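Biologist: Could we go through this one together? I would like to start at the surface and then move on to the strands.

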Amino acid sequence: MKTILTFFVCFLFLLSSLIAQNATIEGVVTDLQGKPISNVSIQVNNIGTSTNNKGYYELIVPSGKMISVTYSHLSFQSHTKRVRIPKGKTLQYNPKLNPKTEEIEEVVVKNQKAEAAGITNIDADLAKKLPSANASIESILKTLPGVSFNNELSTQYNVRGGNFDENLVYINGIEVYRPFLVRSGQQEGLSI
């Protein structure tokens with residue numbers, strides 16, 4: 001029991017001597033209106049902390065030498081304070097951070113309603129220029145993103161994993177029912 005008590009006293013003495021060699025800086029970080037700011041990062045060399053939800057912070061720092069204390073937050077401009085705190089002393093410092101404003105470039109908003117609806121317009125002249133066994137509109141469909149096919153001599157295609165008959169096909173604004181007649185090999189190779 002005596003050895004445990006001796007060890008505990010030595011530990012407390014060592015801890016108090018280490019704390020006495022350091023200094024403390026504490027305070028409340030606020031904005032320009034005096035409202036506390038939470039989650040402000042306070043950094044000194046490799047030592048750091050952050051403010052609580054009431055803007056309060058406390059940081060043990062090296063004593064007797066000039067140090068730079070940096071306060072930073074995503075929404076506020078960084079602030080740096082250079083101080084020298086004597087051994088065992090506590091410095092009360094309450095910085096006020098300025099809001100950070102950033103200017104962005106001009107934003108251009110375009111109307112892409114037709115693209116958002118899933119309608120893709122295809123130029124019919126492109127079918128004549130596309131090298132394939134069947135110079136038809138199906139050849140162009142196979143080049144679109146999300147469209148896959150099994151055989152280049154066939155007009156069957158899949159759009160994003162679905163079947164050819166699960167897609168709406170419009171020609172000049174009129175819906176075409178089963179435009180390619182590819183079901184069970186009927187009229188295979190023929191186009192609209």
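Biologist: Happy to see it! Which residues make the nonpolar surface patch of about 370 Å²?

Modeller: First, a word on the source: this is a predicted model, where local features need pLDDT of at least 70, side-chain atom pairs count only at pLDDT 80 or more, and totals for chains, interfaces and linings use all residues. Residues are numbered from 1 along each chain as its sequence is written, and side-chain values use heavy atoms, with hydrogens and water left out. Patch residues have over 30% relative accessible area and no salt bridge (a side-chain nitrogen of Lys or Arg within 4 Å of a carboxyl oxygen of Asp or Glu), and nonpolar side chains (Val, Leu, Ile, Met, Phe, Trp, Tyr) are joined within 5 Å. Areas follow the Shrake-Rupley method with a 1.4 Å probe, and the patch is made by I104, V107 and V109.

Biologist: Is I104 buried or exposed?

Modeller: I104 lies in the loop between strand 9 (96-97) and helix 2 (113-116); helices (H or I, at least four residues) and strands (E, at least two) are DSSP runs, numbered from the N terminus. Buried means under 20% relative accessible area, exposed over 50%, and partly exposed in between. With a relative accessible area of 67%, I104 is therefore exposed.

Biologist: Lovely. Which strands stand at the edges of the open sheet of three strands?

Modeller: The order of this sheet is 5-1-8, with mixed pairing, where two strands pair if DSSP finds at least two bridges between them. Each edge strand has a single partner strand, so one side of each is left without a neighbour in the sheet; the edges are strand 5 (56-62) and strand 8 (90-92).

Biologist: And which residue stands opposite I25 in strand 8?

Modeller: Strand 1 (residues 22-28) pairs with strand 8 in the parallel sense over three bridges. Opposite I25 in strand 8 is L91.

Biologist: What is the phi of N39?

Modeller: Most residues other than glycine have a negative phi. N39 sits in the loop between strand 2 (30-31) and strand 3 (41-44), and is exposed at a relative accessible area of 56%. Its phi is positive although N39 is a residue other than glycine: near 60°.

Biologist: Where does N45 lie, then?

Modeller: N45 also has a positive phi, of about 50°, although it is not a glycine. At 54% relative accessibility, N45 counts as exposed. Its place is the loop between strand 3 and strand 4 (47-50).

Terms used: Patch = residues over 30% accessible without salt bridge, like charges linked within 9 Å, V, L, I, M, F, W, Y side chains within 5 Å. Buried < 20%, exposed > 50% of the residue type's maximum accessible area, 1.4 Å probe, protein only.
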